[in-house]
Amino acid sequence: MKSEDLFSEARGLMPGGVSSPVRAIKPYPFYTAKALGSHITTVDGADLIDCCMAYGPLLLGHAHPEIKKVIAAQLEKGWLYGTPTPYEPEFARLITGDHPGMDMVRFVSSGSEATMAAIRLARGFTGKSDIIKIEGGFHGAHDAVLVKAGSGATTMGVPDSAGVLPALVAHTRQLPYNDVEALEATLASHHDIAALIIEPVLGNIGPVLPEDHYLREIREITSAYGVLLIFDEVITGYRLGIGGAQKMFGVRPDITTLGKIIGGGLPIGAFCGRKEIMSLVAPQGPVYQAGTFSGNPLSLAAGIATIRYLHDHPGIYPDLAEKARAIRESIGSGAGGSFVQLGSMFKYFFRPAAPKNYTEVKECDTTAFGRFREKMLARGIFLPPSQFETNFLSTAHTADDLATIAGGYTACL
Ligand code: PLP
């Protein structure tokens with residue numbers, strides 16, 4: 001069946017025809033038959049260069065041979081035990097070693113689970129009720145973080161989804177990114193804040209980059225007010241480098257959430273933090289958290305293989321950054337928008353200056369982006385289907401791919 005027919009059938013069987021909203025590309029999404037390296041083959045026979053990489057996890061590309069080997073070997077031994085496995089301490093040692101100050105880890109099955117548990121843990125540790133999130137930050141699809149953007153720090157949060165009780169988001173305040181004063185003012189006047197949860201680099205509307213010292217200053221302010229700092233590194237963890245954004249910007253949070261890349265392409269999440277905080281997690285402490293698929297051997301085997309591969313190939317990160325920079329340079333500044341890039345994360349914003357926060361991102365011309373994305377797709381380049389999603393490169397992208405992508409920007413902007 002062709003994509004159009006598959007979507008037509010799926011729409012009657014699945015809400016919006018998809019398993020996750022962003023995939024509902026208009027008029028219908030392409031359906032993937034297979035994906036290898038940097039390319040996706042659709043059921044319609046199209047061959048596409050993938051600049052989405054499953055929204056971030058596939059740093060090494062699709063079906064990387066070494067990861068595939070590890071997954072295949074694990075399949076022979078079973079893929080779900082419901083018991084501890086030797087992979088767990090091995091992976092926990094790797095992750096804690098790569099993130100100084102993160103002493104203990106709990107493995108879960110998705111980034112959403114990780115942030116949900118991290119927020120509960122922050123409340124359990126501090127005994128305080130409220131959290132602050134950053135406008136435009138995305139931390140998964142659970143109630144506490146589904147708050148309407150712009151609802152403001154001084155007012156109570158307003159649900160961004162039907163079915164979320166106002167009472168559940170009343171304890172979530174929102175602040176603009178890159179605004180130290182707003183944070184300081186909020187913490188000075190509200191003494192019920194348990195944690196600030198933040199994507200250190202905004203990946204879900206970005207990349208939107210932190211201004212000089214922003215992350216360092218929010219670290220100082222949260223420490224001064226006894227508020228835990230949660231870095232949601234579900235995207236940036238192992239994407240910006242080993243040690244993620246916290247290493248890149250030299251800032252140590254109290255709790256870190258991870259996901260995406262640490263599963264090597266299989267479902268995973270993790271949260272980690274200082275021992276005194278993590279000791280509160282059940283069964284060691286009173287903050288409950290549990291999951292049937294947590295620490296499953298398949299995801300852990302793929303994740304360990306991925307992280308070990310990254311350790312063994314330190315040139316990967318500078319190479320990836322160079323690839324993204326080459327795209328940037330080929331575009332130049334003629335097209336009137338702004339190209340933002342950090343490592344292998346990049347995006348062309350349809351707005352003259354690089355946005356500093358969510359309000360500025362919303363000023364982008366989404367209609368122009370839509371037209372551009374369609375033209376790129378017609379040339380065989382798959383960009384994430386929203387002006388608000390980051391584009392990702394992988395180690396599998398070849399010089400030919402990059403030339404095609406750069407040529408696409410030149411021709412389609
Ligand atoms: N946190 C961030 C920064 C994310 O980008 C995402 C997903 O895109 C999540 C959390 C949720 O992760 P998952 O989709 O694995 O539940």
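**Two domains and a ligand**

The domain assignment of this predicted model divides the protein into domain 1, made of 31-63 + 317-412, and domain 2, made of 67-311.

User: How do you know that domain 1 and domain 2 touch, when their C-alpha centres lie 26 Å apart?

Analyst: Contact is judged on heavy atoms within 4.5 Å and not on centres, and by that rule 26 residues of domain 1 are in contact with 30 residues of domain 2.

User: What makes about 2400 Å² the buried area between domain 1 and domain 2?

Analyst: Buried area is the accessible area that two parts lose on being put together, summed over both, so the value of about 2400 Å² belongs to domain 1 and domain 2 jointly, and 67% of it is on carbon and sulfur atoms. On the side of domain 1, Tyr317, Leu342 and Tyr358 supply 27% of the area buried against domain 2, more than any other three residues.

User: Which polar links does the rule find across the interface of domain 1 and domain 2?

Analyst: There are 11 residue pairs in polar contact, whereas the count of salt bridges across this interface is zero.

User: Why is the approach of Ser112 to the ligand called a polar contact?

Analyst: The cut-off for a pair of N or O atoms is 3.5 Å, and a polar side-chain atom of Ser112 lies 2.7 Å from an oxygen atom of the ligand, so the pair qualifies. Gly111 qualifies too, because one of its backbone N or O atoms is 2.8 Å from a ligand oxygen atom. For Phe138, a polar backbone atom is 3.4 Å from a nitrogen atom of the ligand, which is therefore also within the cut-off. The protein covers 82% of the 390 Å² of accessible area that the ligand has on its own.

How values were computed: Residues are numbered from 1 along each chain as its sequence is written. This is a predicted model: local features need pLDDT of at least 70, side-chain atom pairs count only at pLDDT 80 or more; totals for chains, interfaces and linings use all residues. Side-chain values use heavy atoms; hydrogens and water are left out. A polar contact is a pair of N or O atoms within 3.5 Å; within protein, one must be able to donate a hydrogen and the other to accept it, and residues adjacent in sequence count only if both atoms are side-chain atoms. Accessible areas come from the Shrake-Rupley method with a 1.4 Å probe; for residues, only the protein chains shown count as cover. Domain bounds come from an automatic or database domain assignment. Buried area is the accessible area (1.4 Å probe) that two parts lose on being put together, summed over both. A salt bridge is a side-chain nitrogen of Lys or Arg within 4 Å of a carboxyl oxygen of Asp or Glu.
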